[in-house]
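Here are a few questions and answers to read alongside the model. Take your time with each one.

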Amino acid sequence: MNIQFRRIHLPPLPTVNAQALVKLAGKEQNTGLKTPFLSVDIPKKQTVSRSNLDEIIRDIESGQIEKITILEWIHCLYNKEKWDIKHPNRIKPTSEAIWKAAGNNSWLKQKLFWNLVLDLSGRNVLASSLAKSYSIFSPQDSIDRKRLAIIKAFQAQNPKVQLIELCWQELLTPRELFFQHQLPSKIPIIEKCLTVVVSQFSQITSRNDEQIDWLLRCFEEMNQEQQVKAVEYLLIESDPKLGAERPELINWLHQHYGSSLPNSRWSELSSEAKAAMRKWIGAVSYQDFQKLVSLILERLHLQDFEHNRLRSRSKFWSNYSDHFERIRILLPESSVNILGNYLSNQDISILLNDGSDPTEVCIFDFGDWFVIEFFRGDGSETSIIRKDPEIEQKLFHSQLSVKRLRCLDRNIHDHEFCWQYFCEQLLRTKNIFPNENIQYFKGLSDRHRRYNRQTGLPKPSPQNLQKRRYKVERWQQKMVWLEREAKEYCQRHCL
């Protein structure tokens, strides 16, 4: 099939008359483009620029600074080095005169200090005579004084240390320090300053919110290699309690270097730094657990045996505080009503009401294993569950109740007489060990607290073992009943 299109007939193109352009260019009658008139509010002298540097220098020497335009100042600064060669006897007085003139000329002052910093950075953009004579400058305000302090620190024997001390005083990052004082902020010394940020920070024993914020802003200015080294220094050389005291710092570390988060830089840390990181995270997690226990002991009405049992558990887990990777706190609604205001900074979940006796629950992440502590009520047990993605989802990202927790496939342990010895033995089989260098267990009598990393705690006497056997049998009977009740509940209510 052939398709035919109609022809399109366009109108003829118009003839172009270029007479107006010819006239504008001045090709006829000697006319042409003229220099546009300046607004009346622009001083006429600002449009005048002399190329004769001798004339400009004479105005500087005679103090007739107002006659010199910005373009002439640029010409002077750019060519001063060459002029000095021809006038060796006038080098020093003319250079000092320029710095004195800068006291009343904000543009000149800023340009001189800017170029001086570049010169000290190896760029050689300022005449050597001007670089040597800056000390004649008389500061007019705090900005001037700070600029001079920066220049002096720049010239110190260890400039990066001197400059970071100025940064610390102002709570400005190195780049912020230079930028805020109108100095070049992309120079090598700034990167060098960042390498001593953490050593400066570590010298202070008590840190406030502003100082922590300063450290974190410095971290963000560092390149990847610098940041890893700085974080390692902080983790290894600083007390892990710092993380527990300053949640914003530990949150930043966990977000960027936590072992369980996607896109984390955990793998870039050395083994020593990883161990230190675990201590930092553990110190924070244990502090949350300890705070919860203390509040329960203070605010809730407990029976004496519950009180003693809970206190002994807090002391027992303090021996493992370095190994807590995270913690989840679950409270019954009755406890939330009493304790909620006191735990405002912690992440708290509410246990679903399934008819169980009220109890607070803590879930500890020990890396390969989860440990669940039931604080009160019948059973009041410890559960140990191997970590896998499904279990992690249930324990840390799902709504839970006491019965739902008891339906999980788990190892359980009591808190009856002498329970610490047997619990330590059970944890050992899961490769969960106490903190390094523990020689005495907290929460036990002198006779029973000595700890050996190979053998554990001293074994209880035969009499104590007999006493314990009777109590554990009763506890096991309770647990059989509680677990049967939990399974029936889950069959009815759980998917």
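Q: Which residue lies over the face of Y489?
A: A charge counts as over a ring if NZ of Lys or CZ of Arg is within 6 Å of the ring centre and within 35 degrees of the ring normal. At 5.8 Å from the ring centre of Y489, the residue is K403.

Q: How should the numbering and the values be read?
A: This is a predicted model, where local features need pLDDT of at least 70, side-chain atom pairs count only at pLDDT 80 or more, and totals for chains, interfaces and linings use all residues. Side-chain values use heavy atoms, with hydrogens and water left out, and residues are numbered along each chain as its sequence is written, from 1.

Q: Which residue lies over the face of F201?
A: F201 is buried (under 20% relative accessible area, 1.4 Å probe, protein chains only), with a relative accessible area of 0%. Over its face, at 4.7 Å from the ring centre, lies R207.

Q: How many aromatic pairs are there?
A: Rings of Phe, Tyr and Trp (its six-membered ring) pair if their centres lie within 6.5 Å; planes under 30 degrees apart count as stacked, over 60 as edge-to-face and the rest as tilted. By this rule, the count is 27.

Q: What kind of aromatic pair do W168 and F201 form?
A: The centres of W168 and F201 are 6.2 Å apart. With 80° between the planes, the pair is edge-to-face.

Q: Why does W168 count as buried?
A: W168 falls under the 20% limit for buried residues. W168 counts as buried because its relative accessibility is 12%.

Definitions and conventions
Buried < 20%, exposed > 50% of the residue type's maximum accessible area, 1.4 Å probe, protein only.
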